[in-house]
Amino acid sequence: MSITGEYKEREREGALRRTTRRTGRFEYRALLPFDVKAEAVTATMADRVLTVTVPKAEASKPRHIEITSG
């Protein structure tokens with residue numbers, strides 16, 4: 001998975017203060033396991049927070065098997 005974006009300078013109102021602000025492009029890469037549902041991946045952004053949801057494939061989820069005495 002690769003996420004790329006860009007920090008842009010925002011307009012500031014009020015008193016000018018000297019602070020360090022991030023600007024420019026960024027890239028984030030992560031290796032995902034092969035057993036994910038690629039077509040069901042979703043991404044949302046709210047309040048400047050990116051949330052990426054990557055669901056597991058049905059075959060990779062753990063199963064519970066009931067053991068009965070015979």
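**A four-strand chain in a predicted model**

Glu27 has a relative accessible area of 46%, and therefore counts as partly exposed. This residue makes a good starting point, since Glu27 forms a salt bridge with Arg29, with 2.6 Å between the closest N and O atoms. Arg29 itself has a relative accessibility of 64%, so this residue counts as exposed. Side chains of opposite charge can pair when their charged atoms come close. The structure holds 1 salt bridge.

Before going further, a word on the model is helpful. The structure described here is predicted. Across the chain the mean pLDDT is 82, and 81% of the residues reach 70 or more. Where pLDDT is low, the predicted coordinates should not be read in detail. Among the strands, β3 has the highest confidence, with a mean of 92, while β1 has the lowest, at 88.

The overall plan is easy to follow. The chain contains 4 strands and 0 helices, and reading along the sequence gives the pattern β-β-β-β. Of its 70 residues, 3% count as buried. The accessible surface of the chain amounts to about 7,300 Å², and carbon and sulfur atoms account for 51% of that area. Among contacts with a separation of 6 or more, 25% are between residues 24 or more positions apart.

The pairing of β3 with β4 can be followed residue by residue. Strand β3 covers residues 42-46 and strand β4 covers residues 49-53; the two run antiparallel and are joined by 5 bridges. One of the pairs links Ala43 to its bridge partner Val52 in β4. Another links Thr44 to Thr51, its bridge partner in β4. In a regular strand the side chains alternate between the two faces of the sheet.

Together, β3 and β4 form a hairpin, with 2 residues between the strands. Asp47 lies in the loop between β3 and β4, and Arg48 is found in that loop as well. The backbone at Asp47 has a phi near 55 degrees, a positive value in a residue other than glycine. For Arg48, phi is near 65 degrees, and here too the value is positive in a residue other than glycine. Asp47 has a relative accessible area of 76%, which means that this residue is exposed. With a relative accessible area of 62%, Arg48 is exposed too.

Val52 offers a view of how separate parts of the chain meet. This residue sits in strand β4 and, because its relative accessibility is 30%, counts as partly exposed. Leaving aside residues up to four places away in sequence, Val52 touches Met1, Ile3, Val41, Thr42 and Ala43. Ala43 thus appears both as a contact of Val52 and as its bridge partner. Along the chain, Val52 and Ile3 are 49 residues apart, yet their C-alpha atoms are separated by 9.9 Å.

Ile3 also serves as a reference point for Ala30. The two residues are 27 positions apart along the chain, with 8.8 Å between their C-alpha atoms. Ala30 belongs to the loop between β2, which spans residues 24-29, and β3. Its relative accessibility is 21%, and buried means under 20%, so Ala30 counts as partly exposed.

The final stop is at the start of the chain. Met1 is placed in the segment before β1, a strand covering residues 2-7. At 35% relative accessibility, this residue counts as partly exposed. Met1 joins Tyr28 and Leu32 in making a nonpolar surface patch of about 280 Å². Met1 is therefore a member of this patch as well as one of the residues touched by Val52.

Note on methods
Residues numbered from 1 in each chain as written. Predicted model: local features only at pLDDT ≥ 70, side-chain atom pairs only at ≥ 80, totals over all residues. Heavy atoms only, no water. Patch = residues over 30% accessible without salt bridge, like charges linked within 9 Å, V, L, I, M, F, W, Y side chains within 5 Å. Areas by Shrake-Rupley, 256 points an atom, 1.4 Å probe, with all protein chains shown as cover. Salt bridge = Lys/Arg side-chain N within 4 Å of Asp/Glu carboxyl O. Buried < 20%, exposed > 50% of the residue type's maximum accessible area, 1.4 Å probe, protein only. Pairing = 2+ DSSP bridges. pLDDT = per-residue confidence, 0-100. Contact = heavy atoms within 4.5 Å.
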